[in-house]
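Student: Could we go through this structure together, asking each time what a term rests on?
Tutor: Yes, let us take the terms one by one and hold each value against its cut-off.
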Amino acid sequence: LVDFVGNVLGFEQTTFDYPMPDDVMAFARSATSRILRRHRSVPRERIAGLGIASPFYLSHWDDDIGAPPGRFDAWRHIDSRATLDDAFAWPVYLFNDATVSASAELMFGYSGEEIIGQSIFLLIPSDRQLEETTLIELIKTGKRVQQYETIRRRKGGSCIQVSLTVSPIMDANGLVNAVSTIARDITARKQTEEMMTQQRRLIELSYEPIFAWEIDQGIVEWNRGCEQLYGYTRSEALGHSSNRLLQSRLPAPLGTIQAELEQTGEWTGEIHHRTKDGRDVLVASRWGLLKTNGRSLVLETNRDITQLRQSETMILKKNKDLETLLYVTSHDLKEPLRAIESFSVLIQERYANRLDEKGQDFLRRIVRATQRLDQLLTDILDLSRAQRMDPPVDDIDAEQLVHEVLRRLEKRIK
């Protein structure tokens, strides 16, 4: 006999070598009668029902417990619930004992022998006792509580997070005199949710645009970096396809990229996006595939490289202009330089005898300087031509190259 909060008021037990239907039913009737006689103060109308935890298919248990063949055949022709329902004035509730017992033992760590007769508050942390009392008062009004998330205590003191469905059990007069509680362990789910919440906060703190999307569900996360770069608020972005929202221009077909994601778990490349105000931005994008709880999430991290690419293009253009200037300048300077060199040589050949030793030395210096400058301009022209040409590409036998290196370094290696 158990009261509303799980306290055991009356308890009887017996043992059978082989439990037969008539013996079990007789014990149920006699034990119930004895318990009620010992607790005459309990109004009979307050009894909510009779609960039975019994193995299903007892007729198949001959071999399992070593009983003589056919000993349990009597259970094939009896409906335990109906038989007891006829014997008592209260509702009869029948449950599989393995399901009830094993689930409860796995969840809370107590065996049936340890927990039967104990108060329900044994499973409730001290800081949740008032919460349970409030629930009981609510159930007394006939209301049912569903998916109530709270904390329960296991054997040994550790706590688990559970989702409760608490239902009132009423007597024939409609009065609540017992409670049924179904607990579901949600600790793993809560830990996953906490981890995802922390990751979401870290993403939110990042200045880089980071968002997550599902192929079928669209964008599911959108941080402040995305709002700043693209101009769309979180509420405007959630649920939309990122490719359509940002008018993405990908370097390869989306199907090809998704296939690489499935195979390697990541992808990197440059993508052109269109912002809310119509600007084109180029981003260095990194995609990572995360599979959790049956979902395939893609975490996309983007870095705006629009200015960087524009600067690189400008530098390349300026370098090209400089190459052109060098070519033109070198070519044009050669003409007057050739004239200076030619006339200097003529003076040296025809009028050297009219100059003193110092004048001849000056003239030789002029000729050597013009020749050095001419060679310098020639080198600049060659460099300018080389920069305008595509570099030659030759195939190299890497294996042969490695063997040659090993041959030359053989003595040092040894």
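Student: What makes us say that strand E6 and strand E10 pair, and in which sense do they do so?
Tutor: Keep in mind that this is a predicted model. Strands E6 (residues 210-214) and E10 (residues 295-304) are joined by five bridges in the antiparallel sense, and because pairing asks for at least two bridges, the two strands count as paired. One of these contacts links Glu214 with its bridge partner in E10, Leu297.

Student: How do you know that E6 also pairs with strand E7?
Tutor: The reasoning is the one we have just used: E7 (residues 218-222) shares four bridges with E6, again in the antiparallel sense, and the cut-off is at least two bridges. Here Glu214 has Gly218 as its bridge partner in E7, and with three residues between them, E6 and E7 form a hairpin.

Student: Why is E6 called mostly covered?
Tutor: A residue is buried if its relative accessible area is under 20%, and in E6 five of the five residues are buried. The cover reaches both faces, with Ile210, Ala212 and Glu214 buried on one side, and Phe211 and Trp213 buried on the other.

Student: Is Ile413 buried or exposed, and how do you know?
Tutor: Ile413, which lies in helix H15 (residues 410-413), has a relative accessibility of 57%, and because exposed means over 50%, Ile413 counts as exposed.

Student: Which residues form the nonpolar patch on the surface with Ile413?
Tutor: Ile413 is joined there by Ile396, Leu401, Val402, Val405, Leu406 and Leu409, and together these residues have about 650 Å² of accessible area. Helix H14 (residues 398-408) gives the largest share of the patch, namely four residues.

Student: How many helices and strands does the protein chain have, and why is it called more spread out than a compact globule?
Tutor: The protein chain has 15 helices and 10 strands. Its radius of gyration is 45 Å, whereas the globule rule gives 22 Å for 414 residues, and because the value is well over that, the chain is called more spread out than a compact globule. The C-alpha trace spans about 155 × 60 × 40 Å along its principal axes.

Student: What part of the protein chain is buried, and how much area does the chain expose?
Tutor: Of the 414 residues, 27% are buried, while the chain exposes about 27800 Å², of which carbon and sulfur atoms supply 54%.

Note on methods. Residues are numbered from 1 along each chain as its sequence is written. This is a predicted model: local features need pLDDT of at least 70, side-chain atom pairs count only at pLDDT 80 or more; totals for chains, interfaces and linings use all residues. Side-chain values use heavy atoms; hydrogens and water are left out. Buried means under 20% relative accessible area, exposed over 50%, partly exposed in between (1.4 Å probe, protein chains only). Patches are made of residues with over 30% relative accessible area and no salt bridge: like charges are joined within 9 Å, nonpolar side chains (Val, Leu, Ile, Met, Phe, Trp, Tyr) within 5 Å. Accessible areas come from the Shrake-Rupley method with a 1.4 Å probe; for residues, only the protein chains shown count as cover. A salt bridge is a side-chain nitrogen of Lys or Arg within 4 Å of a carboxyl oxygen of Asp or Glu. The radius of gyration is taken over C-alpha atoms; the globule rule is 2.2 Å times the number of residues to the power 0.38.
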